[in-house]
Structure formats: C-alpha cells, structure tokens
Amino acid sequence: MTGSTPAPFTADDYRARMERAARDAADAGLAGLLVAPGPDMVWLTGYTPTAVTERLTVLVLAPGRDPVLVVPTLEAPDAEHATGASALTLRDWTDGKDPYAVTAALLDDRGRFGISDNTWAMHLLGLQRTLPDSSYASLTDALPMLRAVKDPAELELLAAAGAAADATFEEIRTVRFAGRRESDVGHDLAGLLRRFGHSQVDFTIVGSGPNGANPHHEVGDRVIQQGDMVVLDFGGLRDGYGSDTTRTVHVGEPTEEERTVHDVVRAAQEAGFRAVRPGVACQEVDRAARAVITDAGYGEYFIHRTGHGIGVTTHEPPYMIEGEEQPLVPGMCFSVEPGIYLPGRFGVRIEDIVTVTADGGRRLNDTTREMVIVD
C-alpha cells in the first residue's frame, strides 16, 4: 500500500467537536450531554482510559459552558496527556468522595441530558439518585447523527482503512481455500488486515457453503470444499477509523444458479450505490437495493438492512433501512451490502463503504464485484 496517513487530530479539532455537540444538544432540547468512556469520548476528546472500571469517568458538555471531564484522581495524569485535554477542564475526585455529587454540581438539577449508550447502569442510577428530578435520553435516540457527518480528515482515514481492506482481499483471493477450515482463512484475513495497518480486527466472517446463508456466521471448523460459495466479510480499525467490506468467492466453477444469484446481488448493490445522493432519505438506498432482489424473486431471502454507518466504530448511525427518513448529507459514510441467503445451501453478499458527495456517492472499496474464482 502507498499513501501517507493524514495528520493527527489536534486540540482545536476536539474543541470544535465538543462545541458542535453542545450546540446540537441545545437544538435537541437537552440541557447537556454526559459521555462515558467509549467511542463518543474518543471522538470528542481523544481520550481513552487505560482501563474502564467502576470508578466514574464522564465528560460533561453543556451549551454556553466549558467542557469538563470528571475523572478519578489516579487516572488524571493520563487524561491530562490526551490530545483534547487543553480544550476542556479536568475535575478529579478521590476514592472516598462521592463522584456523583462532583458531577451533579455541573448539571441543571432538573435538566434532561443525553447520555452515551455504553454508560454503566450503576453510574446512571447514581446520577438519578443524586439528581432525582433529572432525566436522560440515550445519545442514539437524542443525537443519532452526532458523529455521522465526517470532516475531510476523517474521510481520508476511512478511505485509508478501505484501501487496507481492499489490499487484504486482493491477497486472500490468492490463497488456497479447498481443504482448509473456515477458521484458517479467518486467521489469514486477520493477519492481512494487521499487515496492512489495522490495529484492531473486529470481525472475519468466512461463511462457506451452507454456512454462508447465515449472515453473521463468522468462522467455524467446517472444511471448505470444492464447489462452495464462500462469503468473506471482514474489517476493523486502522488509525482509529473503520473498514468493512464483503466479497463472495467461489471454490472452482460455479453453477448457473450460483452465478445468477451473485449477479442479482451485484445488481442490487449497484442500485443501492446509485441511489446515494444528498437529500435522499436513508430508506431509499434500502428500497433501491431491495427492489432488485425482490423483482428477481429472492425478496424473502434478503433478511437484513442494506447498510449501517461507519466511523470510529464499524457499526453506527445512520442506517439504510425502511422507515429511516434521515436525509443523506455530504460526508456521511455507510455500507451498502445487500445479500441473498438460501437456507441450507449458500449465501451471497457484496459490500462497499460509500461516502456521500456533493452530487452523489463515492465508494471507498474498489475491488472487483464480479464473481471471483478461488482454488
């Protein structure tokens, strides 16, 4: 692979994100946001605690106020070294003190707050106990588009992750499949993702033969056989941003039916991609892809949404699914991954990450979507 990694995010980048998040919270009628360690905190501050424990760590964002990161005293030195630390105030608490009282002092005692989905129940209950007139809404419900629109630097990182996944596919298609276990090929995929720069491998799905009819089969001990269709879906994080791509290969020459199903899925994936443009509702991407599969007579075998957002996690809003009327906005990134799954026989899925541009969409995966024959 060639190309350079974009410059790392700065304190100013994190300051701008926190300011925007606070404004978005106000626009949503919230008194502020409470963000626990996890993807939202990383995106907003650049801080990842070395360990997530029962001790409360929470970022408090409120319109018109400086951001405050509440941390245990023993973790304050690490927090001070986070890239975004200079854009916020650290408030530490020592063992034996009440962290909920420390946090409550920063909050409107009758406010409604957005709270990150991965907040521990004990922490939410502690806040509710301290502020009995406060209320809370999950960030996924209250601000589902918080991280959805990527800036140019984020798009570069996503493109680099996509290119690494593409390089992985180009290598894996040259290895031997027949006579090896799915887990062997999965191990190869994980190693290749790391070789091409991934620090984290989130999944390596290798669904051979009838296992390919289970969209989330991952890997097993089944020995791949001549004549198998094999679904390969893999991805993870490279420089903090996600990859996720799927190609379906065939061991030896496919049957006419297998080629037909693959062609239908390829046409559906193309239709979903062509539906991407600013202002179009997310559900229209799903409808475009699903119509091709339904018209070909396989509608009942397309059993999942057409796509999901991607960024600092490999699955996040927006979702390409019927009923999602959120309009597409330039900078959004998501998968387009229709599939057909014939129980007990085989499955086919083709997936690219796509970003919305000013006048359409751009694929971040460029490997062939034609049927690939492997040994």
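Which residues do ring pairs link into a cluster? The legends below begin with this view of the predicted model.

**Figure 1. The aromatic cluster of Phe-9, Tyr-14 and Tyr-241.** In this predicted model, Phe-9, Tyr-14 and Tyr-241 are joined into a cluster through ring pairs. Across the whole structure, the search returns 3 aromatic pairs. Tyr-14 is also among the residues touched by Thr-45, which is the subject of the next view.

**Figure 2. Surroundings of Thr-45 in helix H2.** Thr-45 belongs to helix H2, which spans residues 39-45. With a relative accessibility of 1%, Thr-45 falls under the 20% cut-off and therefore counts as buried. The Thr-45 side chain comes to 2.7 Å from the backbone oxygen of Met-41. Leaving aside residues up to four places away in sequence, the contacts of Thr-45 are Tyr-14, Met-18, Leu-59, Ala-82, Thr-83, Gly-84 and Leu-88.

**Figure 3. Arginine side chains over phenylalanine rings, at Phe-302 and Phe-273.** Arg-290 is placed over the face of Phe-302, and the distance to the ring centre is 3.9 Å. In the second pair, the charged end of Arg-363 lies over the ring of Phe-273, at 4.1 Å from the centre of that ring.

**Figure 4. Cys-282 and Cys-333, neither of them in a disulfide.** A disulfide is a covalent bond that joins the sulfur atoms of two cysteines. The number of disulfides in the model is 0. For Cys-282, the nearest cysteine sulfur belongs to Cys-333 and is 12 Å away. Likewise, the nearest cysteine sulfur to Cys-333 is that of Cys-282, at 12 Å. Because the pair must lie within 2.5 Å to qualify, Cys-282 is in no disulfide. Cys-282 has a relative accessibility of 0% and so counts as buried. Cys-333 is buried as well, its relative accessible area being 1%.

**Figure 5. Strand E10 and its enclosure.** Strand E10 covers residues 245-251, and 7 of its 7 residues are buried, so the strand is largely enclosed by the rest of the structure. Each of its two faces is covered. On one side, Thr-245, Arg-247, Val-249 and Val-251 are buried, and on the other side Thr-246, Thr-248 and His-250 are buried.

**Figure 6. Strand pairing of E10 with E8 and E18.** Strand E8 (residues 229-238) runs antiparallel to E10 and is joined to it by 6 bridges. Within this pairing, Thr-248 of E10 has Val-231 opposite. Strand E18 (residues 372-374) runs parallel to E10, with 3 bridges between the two strands. Here Ile-373 of E18 is the residue opposite His-250.

Methods
Residues numbered from 1 in each chain as written. Predicted model: local features only at pLDDT ≥ 70, side-chain atom pairs only at ≥ 80, totals over all residues. Heavy atoms only, no water. Helix = DSSP H or I, 4+ residues; strand = E, 2+ residues; numbered from the N terminus. Buried < 20%, exposed > 50% of the residue type's maximum accessible area, 1.4 Å probe, protein only. Polar contact = N/O pair within 3.5 Å; in protein donor to acceptor, adjacent residues only side chain to side chain. Contact = heavy atoms within 4.5 Å. Phe/Tyr/Trp six-rings, centres within 6.5 Å; stacked < 30°, edge-to-face > 60°. Lys NZ or Arg CZ within 6 Å of the ring centre and 35° of its normal. Pairing = 2+ DSSP bridges.
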